[in-house]
Amino acid sequence: MERKHVNIIFGGLSAILFGISGILASVLFQRINMVPEWLVGMRMFWSGLLLILVLACKFGGSIFSIWYRKADAILIILFGVIGVLLAQSSFFLSVYFGNAAMATILQSLGPTIIIILLSIFYRKLPVRMDTVSIIIALIGVFLLVTNGDIGHLKVTTQALFWGIISAFGVAAYTLIPRPLLQQHHALLVVAWGLLIGGIAENLIQPLWHIPNNLQVIDWSMIGFIIIGGTLVPYALYVLSLCHLAPTTASLLGIIEPLTATLISVTLLGVQLLPVQMIGVCLILSTIILISLPVERIVEKFLKRRA
């Protein structure tokens, strides 16, 4: 099997595992009286610590190189708190107040948020296709949360609010570490970001405040969320990025909301009405439009026709 195909499998598997972790979190919230922040802290702290220990075996003391420069240290702290923690905590809160499918779909607005933020920062209007993507995304969100009836929301306002905040978290998670990734191993940046975010969350909801009545099945799901839903998929995603074009990696990201939606509808009884499904398709289509060089393709097509 070619290396490219292996990395496509890695990227796809990573997205599936991320989607499953959201589903398991939703099941946990339904089973027991658990504060979402506690699960977020558990997920980030232990996955970050385990990943750092694994990297220490490979790189030794150089795992601390990210702290040698003041600028890098500030960036990794911002990445951990404003990037990782914001994305993870708001996503789990959206799952808590809604469901995993809705939360994952709303989080998929991240690329659209990035376009808007970069346009504001550089004081430059987005290119035509990006503008079309933003409009389509807004229409998709409207249909998803209202089913076409503006007077009646089909999701709770809390789930909608935290889902959109999680999309901003994804944007921060993507943009903040860019200078760090030019100087340090991507997995090292992710590991420190997870650990810092976990420590920050621990100040809000200490890890030792364990929910009551946790059973073996609950601990098993928590363990999978930490290892199989965080540590492993992050590692697979970073490994796939090393050998895949950014467009391919972005397209593989569509698998995550599709996985969460499919499992939620088929196994958890979550209902999405036909107009809401149209909204889902519109939101996910924006990832394709943003990723692919659509304008270049259209330009070549028109030249051939001429």
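**Exercise 1.** In this predicted model, find out how many residues the largest nonpolar core has and which of them have the most contacts inside it.

*Solution.* Start with the count: the largest nonpolar core has 49 residues. Next, pick out the ones with the most contacts inside this core, and you get M34, L39, I76, F92 and I222. Now see which elements feed it: helix 1 (3-31), helix 2, helix 3, helix 9 (186-204) and helix 10 (216-241) each give two or more residues. Helix 9 supplies the largest share, ten residues. Last, look for another core lying apart from this one: there's one of 20 residues, with L106, I113, A171 and I283 among them.

**Exercise 2.** Work out which residues M34 touches, leaving aside neighbours within four places in sequence.

*Solution.* Go along the chain. Before M34 come L28 and F29. After M34, you'll meet L39, Y96, P211, L214 and I222.

**Exercise 3.** Place W67 in the structure, then decide: is W67 buried, partly exposed or exposed?

*Solution.* First, the location: W67 sits in the loop between helix 2 (36-59) and helix 3 (70-97). Then check the relative accessible area, which is 31% for W67. Buried means under 20% and exposed means over 50%, so W67 counts as partly exposed. Finally, see what surface W67 belongs to: together with F64, Y68, I74, I77, L78, V81 and I82, W67 makes a nonpolar patch of about 730 Å².

**Exercise 4.** Sum up the whole protein chain: how many helices and strands are there, and what percentage of residues count as buried?

*Solution.* Count the elements: 14 helices and zero strands. Then turn to burial: 50% of the 306 residues count as buried. For the outside, the accessible surface is about 15,400 Å², with 69% of that belonging to carbon and sulfur atoms.

Notes:
Residues numbered from 1 in each chain as written. Predicted model: local features only at pLDDT ≥ 70, side-chain atom pairs only at ≥ 80, totals over all residues. Heavy atoms only, no water. Patch = residues over 30% accessible without salt bridge, like charges linked within 9 Å, V, L, I, M, F, W, Y side chains within 5 Å. Areas by Shrake-Rupley, 256 points an atom, 1.4 Å probe, with all protein chains shown as cover. Salt bridge = Lys/Arg side-chain N within 4 Å of Asp/Glu carboxyl O. Helix = DSSP H or I, 4+ residues; strand = E, 2+ residues; numbered from the N terminus. Buried < 20%, exposed > 50% of the residue type's maximum accessible area, 1.4 Å probe, protein only. Core = buried A, V, L, I, M, F, W, Y, C linked by side-chain atoms within 4.5 Å. Contact = heavy atoms within 4.5 Å.
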